[in-house]
Every structure is written in structure tokens, then in C-alpha cells.
Amino acid sequence: TSSSSSSHMMMPYAASNQEHYYRDGSNSSRSNPDVVGLDAEGVDQRVEALRKIWIKVQEQGAMVYANDVDTLVEKVARQIASPYQMRLCKYALNTLMEFWQNLDFAAAVSYDTLKNLTRGLLATLLDESLRSIENGDKVMKALNVLTLKVLENAQRTNAFGCLLDLLSETVSDGDTGQFPDLVVKCLLKLTKVLPQTIGEIQLGDLVKSLHQFFTAHPPYSFKDQNDNRLRTVRRLVEELVNLRGREMQTFSLSVAGGKGSAAVLVRYVEEILGISAPSPLKAAPSTNTATSTTTSSPAGARFPSTSSLPSSTPERKQLRFDGGGGGSSSNRRRIINGKQQQGIDRSNRMDLKNDQKRDSSSSSSSSSS
């Protein structure tokens, strides 16, 4: 478990793995000097590049970089990496916040970039070395707010899909640590506001993501039938059925293809709808008992109850979706309901006043010399 958690922490922005994790659009912005500046070796040069981008976005809006969305998000996010440099972190966090408060920009971010960004932000929230630097707690608070903003303002179907993918990865990796706890927390919070955001959901795509999760990880494959990941995904299915009714059956049968009613998702949807009587989950495929590590479900077992599913992960690591990271509560509520379009809550920024004076002075000196 510990090695798996570490891999989540180091994967997203490790320089040695840049090409692997950021293939989409990684070479599309080489001609844009603003973006190229983020590849500089020196911290001062990258701070200056971030400062210029941040100022331009404030003056002209995030869509001034409409042709560089994925590459810019990836390169800015990489600045928040160990060994952490406070000036880089502050400019990167504020720049990303500007990006994600613009719904047009957020909608233009690709699925892969959103998934990698979400993975990276959650992993960084778990990095204890960040707390040890000066003002590290402030960076953590800003990261918390940014993570919330990313999930709120991204295309909602993609946000669900990315979280389901990340959750699936933790199951495959055998990770039962803090990272999957954070993913569960995020998924629960998005599920909680589904009644307000269901109109934004592409139901067919979300059902496909759910079908893929249950195909890769059928309930009987979980050693612990009370595993929070399984129960959280089940809760999402229940909420979707409550909101969309038989449409869920139609889409579930469609994505199941030849499996039809034998598919786990289809059977569960039909059970919720009362179309079929509750039945035992499909038994695990027969295997050589001498080598098999898969446990089959007991007779009569069904999806575990969600009635006692915790609403939060341990306090020290939980994402605060109640706005504990700062900013106006009314502003957050509007965003959660999908109604805010371009409003910027300036209180979410880290204070850059002193950095701006120093960096502007440094930039002027360099130009004159």
C-alpha cells in the first residue's frame, strides 16, 4: 500500500515522466514564447514566465490562451513540484485558479489533462514535505480551493469519468491508503450535488464509465464488501437512477452490448428500478483454487449497503468542499449550481503583492542591463 501511494504522489509532475503523462498537446505550443518560458531551467526565469502569463490572463482573460489550453495547464501545474519553491507555487496556483474560474477555458481542457491534473493535485495534498516549507500550510489551503474549483468547473461528465478512472486505478494497484480516500471524497461531493447538475451530465458517457468500472472490478472481486470505493460508486448509480429513472436502464443495456442483463451495472440498475427481483451477484469465474486470489461472493450477496458510508475521510487529509480553503460562500454556491460564468473571486488567490514588486523590479533591471 505504501509503495502504491508513493507512486501516485510522484507520477503526475515528475520531469522524467513528462512525455509519458503529457502526450496530448505537449509539442503544440513551442511557438508561443509565454508557454516556452515555463521550460526554463532557472527558477527566476520560470517565475517571470508565470508572472507574465498571470498578468495577461488578468488583463485579457484566460481564453487569450485558447490555442494552448492543455499544454499551458500541464506546464503551469508542473511548477508545483518537489523540491517546492514558494514563489513558483504561488504564481502557479493563482494562474491555475484564473484558468479554472473561466468556464470556457475549463471546458476546453481535454479529458487526459483533467485526469492528470486531478491526480497531481490530490497527490500533492498528501505530500507532507510541502507542509514543512515556509507558508506550506497556505499552499495546502490554496491547493484545496483549487482542487475544488477544478472539479466544479470542469465539464461535469469528464470530472466524474476522471474520478472513476482514478478510483479504478487504486483498486488495480491494491492501494487502500490516503489517495483513494481523497478520490472517494471528491466523488461523493460531486454526487451530492447531482440534483443541481444533472442537466450538465452526458448520461451515456457516464454510464459507460460506470460499466467499465464494474467490468474491471465486479463486486465479488473486493475482499471487503464494505470497501468505500465500491459503496461510493454504488451510491452514484443510485442517485442517477433516482434522477433519470429508466433512461439508466436503456443506457446500461446499450453499453453492456452482448452481456445484456448479465452485466453487473444493468442488473443493479434493474434491481433499483424494481424491474427484477434482487438476485445474488454473479459468481466469480472458476479458477485453479491452488493459485486463485479472487474471492467469490457468498450466496445471496448483493451490493453492500451505502447507509453507513462515511461522508468524509480522516479530517487531516480530507478535501474541504465546504469552502474551508477561503473565498465567498455565495460564490462557491453559485459555481456548484453551475450558474456562475465569468465571475472571479479574488479572495481565493495567494497574496502576490510583495512578489509582484520584487519580480517586477527584477524584470526591469534585467531588461535595462
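**Note on helix packing, aromatic pairs and local geometry**

1. The axes of helix 11 (residues 156-173) and helix 12 (residues 178-192) come within 10 Å, crossing at roughly 150 degrees, and that angle makes helix 11 roughly antiparallel to helix 12. The crossing in which helix 11 passes helix 12 is left-handed. On the side of helix 11 the contact is made by Arg-156, Ala-159, Phe-160, Leu-163, Leu-164, Leu-166, Leu-167 and Thr-170, and on the side of helix 12 by Phe-179, Pro-180, Val-183, Val-184, Cys-186, Leu-187, Leu-190 and Thr-191. As background to such lists, an α-helix has 3.6 residues a turn, so residues three or four places apart point the same way.

2. The model is a predicted one, and this applies to each of the points below. The secondary structure of the protein comes to 19 helices and zero strands. Of its 369 residues, 51% count as buried, while the protein exposes about 16,600 Å², of which carbon and sulfur atoms supply 46%. Among the contacts with a separation of 6 or more, 76% are accounted for by residues 24 or more positions apart.

3. A second helix pair deserves a separate entry. Helix 15 (residues 228-244) packs with helix 16 (residues 246-256) at an angle of about 120 degrees, the axes being 6 Å apart, which makes helix 15 oblique to helix 16. Here helix 15 contributes Val-237, Leu-240, Val-241 and Arg-244 to the contact, and helix 16 contributes Arg-246, Glu-247 and Met-248.

4. Leu-253 also lies in helix 16, and at 33% relative accessibility this residue counts as partly exposed. Leaving aside residues up to four places away in sequence, Leu-253 touches Gly-260, Ser-261, Val-266 and Glu-270. The C-alpha atoms of Leu-253 and Ala-263, which are 10 residues apart along the chain, are separated by 8.3 Å.

5. How many of the residues of helix 5 (residues 69-77) are buried? Nine of the nine are, so helix 5 is largely enclosed by the rest of the structure. The buried residues include the charged-type names Asp-70, Glu-74 and Lys-75 alongside Val-69, Thr-71, Leu-72, Val-73, Val-76 and Ala-77. These buried residues pack against helix 3 (33-36), helix 4, helix 6, helix 7 (103-108) and helix 8 (111-125).

6. Within helix 5, Ala-77 may be singled out. Ala-77 counts as buried at 3% relative accessibility, and its C-alpha atom is separated by 7.2 Å from that of Leu-117, although the two residues are 40 residues apart along the chain.

7. A search of the whole structure finds three aromatic pairs, two of which are described here. The ring centres of Trp-54 and Tyr-91 are 6.1 Å apart and the ring planes stand at 75 degrees, so this pair is edge-to-face. Because Trp-54 lies in helix 4 (residues 43-60) and Tyr-91 in helix 6 (residues 86-100), the pair ties together parts that are 37 residues apart in sequence. Trp-54 is buried, with a relative accessible area of 6%, and Tyr-91 is likewise buried, with a relative accessible area of 0%.

8. In the pair formed by Phe-99 and Phe-105, the ring centres are 4.4 Å apart and the planes lie at 15 degrees, so the pair is stacked; the cut-off behind that label is an angle under 30 degrees. Phe-99 counts as buried at 0% relative accessibility, and Phe-105 counts as buried at 0% as well.

9. Two features of the backbone remain to be noted. Ser-82 and Pro-83 are joined by a cis peptide bond, with omega about 0 degrees, and Pro-83 is found in the loop between helix 5 and helix 6. The phi of Asn-135 is near 65 degrees, a positive value in a residue other than glycine. Asn-135 has its place in the loop between helix 9 (128-131) and helix 10 (136-153), and at 35% relative accessibility Asn-135 counts as partly exposed.

Definitions and conventions
Residues are numbered from 1 along each chain as its sequence is written. This is a predicted model: local features need pLDDT of at least 70, side-chain atom pairs count only at pLDDT 80 or more; totals for chains, interfaces and linings use all residues. Side-chain values use heavy atoms; hydrogens and water are left out. Rings of Phe, Tyr and Trp (its six-membered ring) pair if their centres lie within 6.5 Å; planes under 30 degrees apart count as stacked, over 60 as edge-to-face and the rest as tilted. Helices (H or I, at least four residues) and strands (E, at least two) are DSSP runs, numbered from the N terminus. Buried means under 20% relative accessible area, exposed over 50%, partly exposed in between (1.4 Å probe, protein chains only). Contact means heavy atoms within 4.5 Å. Accessible areas come from the Shrake-Rupley method with a 1.4 Å probe; for residues, only the protein chains shown count as cover. Axes are lines fitted to C-alpha atoms, for helices over the stretch in contact, and angles run from 0 to 180 degrees between N-to-C directions. Angles under 35 degrees count as roughly parallel, over 145 as roughly antiparallel, 65 to 115 as roughly perpendicular and the rest as oblique. A crossing is left-handed if the near helix is turned anticlockwise from the far one by less than a right angle, and right-handed if clockwise.
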